[in-house]
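Hi everyone, thanks for coming. I'd like to walk you through one structure today, so please have a look at it before I start talking.

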Amino acid sequence: MNRPVVYTNPGATATRDRLIATGLKNLLGHGYEGMGIGPVLAEAGVPKGSFYHYFASKDDFAAEIVGAYEARYEAMRQRIFGDERLSPMARLDAYFTELQSELGHTLPHGGCLYGSLAQTASSRSPAFQTALAAAYDAWHASLAEQIDAAKARGEVDPVVDTQVVVADLINLYEGVIVRLKITGNLDAFSSLRRYLAGLGSFSVRA
């Protein structure tokens, strides 16, 4: 049974959390242009006045959603990437395995918020663009740390360009999301796993 992923902020109110969780589902399902504040309020069971108590505008609302989304996935990465029992490449595999499992439970509303919003980010407010760029940069940096650790451990050839590899991983992941939304088949993750396996097939040259 598909179920929504809940994004909460321990310091926020239940109403604000409910608005952010509902807004996220709508952003993933309909994109920024297709997300109407009225339908979000109706689905969340929140009066219009309460919305403007928490958010100054639709752009402000979307920026807060991005922040909550990033906080959740940053916590996921810290948990998985901080597991010293696993090698760096095994941690990356565990990370993408968890993302795959989560997507399987959240379709058709699941996906990657960054990819969904990036297409129209240039026409949004500076605050929104800053929030999206910061979230993307944090994601990129955390993956780069694992690739660098894998290179240091001898799991990945040290001549490999970490920044190129991370860009490839993110591009592959975003492509997987597109295919997954079209087909509903989680086998789309096989291309990403082949790429990871290829990285791990390198050996340090003497």
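**Aromatic pairs and what surrounds them**

Let me begin with the rings: the count of aromatic pairs here comes to 15. One of them is Phe51 with Tyr52, where the ring centres are 4.9 Å apart and the planes meet at 85 degrees, so this pair is edge-to-face. Please keep in mind throughout that this is a predicted model.

How do the two partners fare for accessibility? Phe51 has 0% relative accessibility and counts as buried. Tyr52, at 45%, counts as partly exposed.

Another edge-to-face pair is Trp139 with Tyr173, at 6.0 Å centre to centre and 80 degrees between the planes. Which parts of the chain does this pair link? Trp139 sits in helix α7, residues 126-153, and Tyr173 in helix α8, residues 162-183, so the pair links distant parts of the chain, 34 residues apart. Both Trp139 and Tyr173 are buried.

Those two rings also belong to one aromatic cluster, together with Tyr69, Tyr73, Phe81, Tyr95, Phe96, Tyr114, Tyr136 and Phe189.

Staying with rings for a moment, there are charges to point out. Tyr73, from that cluster, has the charged end of Arg72 sitting over its ring, 5.1 Å from the centre. Likewise, the charged end of Lys58 sits over the ring of Tyr32, at 4.4 Å from the ring centre.

Now let me step back to the whole chain. The protein chain has nine helices and zero strands. It holds 206 residues, and 44% of them count as buried. If you take contacts between residues at least 6 apart in sequence, 67% of them join residues at least 24 apart. On the outside, the chain exposes about 10100 Å², with carbon and sulfur atoms supplying 56% of that.

On to the interior. Which residues touch the most other members of the largest nonpolar core? That core has 58 residues, and the answer is Leu19, Phe61, Tyr95, Leu113 and Tyr173. The elements giving two or more residues to it are α1 (14-34), α2 (37-44), α4, α5, α6 (113-118), α7, α8 and α9 (190-200). Helix α4 makes the largest share, with 10 residues.

Phe61 is a nice one to click on. Leaving out residues up to four places away in sequence, Phe61 touches Leu19, Ile20, Gly23, Met35, Ile37, Val40, Phe51 and Phe55. You'll recognise Phe51 there from the pair with Tyr52, and Leu19 from the list of residues touching the most core members.

Next, some loops, and I'd like to start with Arg124. Arg124 lies in the loop between α6 and α7. Buried or exposed, would you say, for Arg124? The relative accessible area is 15%, and the cut-off for buried is under 20%, so Arg124 is buried. Its side chain has a polar contact of 3.0 Å with the side chain of Glu33, and another of 3.3 Å with that of Asp59. Beyond its neighbours within four places in sequence, Arg124 is in contact with Tyr32, Glu33, Asp59 and Gln129. Tyr32, you may recall, is the ring that has the charged end of Lys58 over it.

A second loop residue is Ser87, found between α4 (58-81) and α5 (88-106). Ser87 is at 14% relative accessibility and counts as buried. A polar contact of 2.7 Å joins its side chain to that of Glu155. Apart from residues up to four places away in sequence, Ser87 touches Arg153 and Glu155.

The third loop, between α8 and α9, contains Ala188. With 3% relative accessibility, Ala188 is buried as well. It touches Val176, Arg179 and Leu180, again not counting residues up to four places away in sequence. Ala188 and Gln100 are 88 residues apart along the chain, yet their C-alpha atoms are separated by 9.7 Å.

Finally, a helix residue: Ala134, in α7. Ala134 has a relative accessible area of 44% and is partly exposed. Its C-alpha lies 9.6 Å from that of Val66, and the two residues are 68 apart in sequence.

That's my tour; I'm happy to go back to any of these spots with you.

Terms used. Residues are numbered from 1 along each chain as its sequence is written. This is a predicted model: local features need pLDDT of at least 70, side-chain atom pairs count only at pLDDT 80 or more; totals for chains, interfaces and linings use all residues. Side-chain values use heavy atoms; hydrogens and water are left out. Helices (H or I, at least four residues) and strands (E, at least two) are DSSP runs, numbered from the N terminus. Buried means under 20% relative accessible area, exposed over 50%, partly exposed in between (1.4 Å probe, protein chains only). A polar contact is a pair of N or O atoms within 3.5 Å; within protein, one must be able to donate a hydrogen and the other to accept it, and residues adjacent in sequence count only if both atoms are side-chain atoms. Contact means heavy atoms within 4.5 Å. Rings of Phe, Tyr and Trp (its six-membered ring) pair if their centres lie within 6.5 Å; planes under 30 degrees apart count as stacked, over 60 as edge-to-face and the rest as tilted. A charge sits over a ring if NZ of Lys or CZ of Arg is within 6 Å of the ring centre and within 35 degrees of the ring normal. A nonpolar core is a set of buried Ala, Val, Leu, Ile, Met, Phe, Trp, Tyr and Cys residues joined through side-chain atoms within 4.5 Å. Accessible areas come from the Shrake-Rupley method with a 1.4 Å probe; for residues, only the protein chains shown count as cover.
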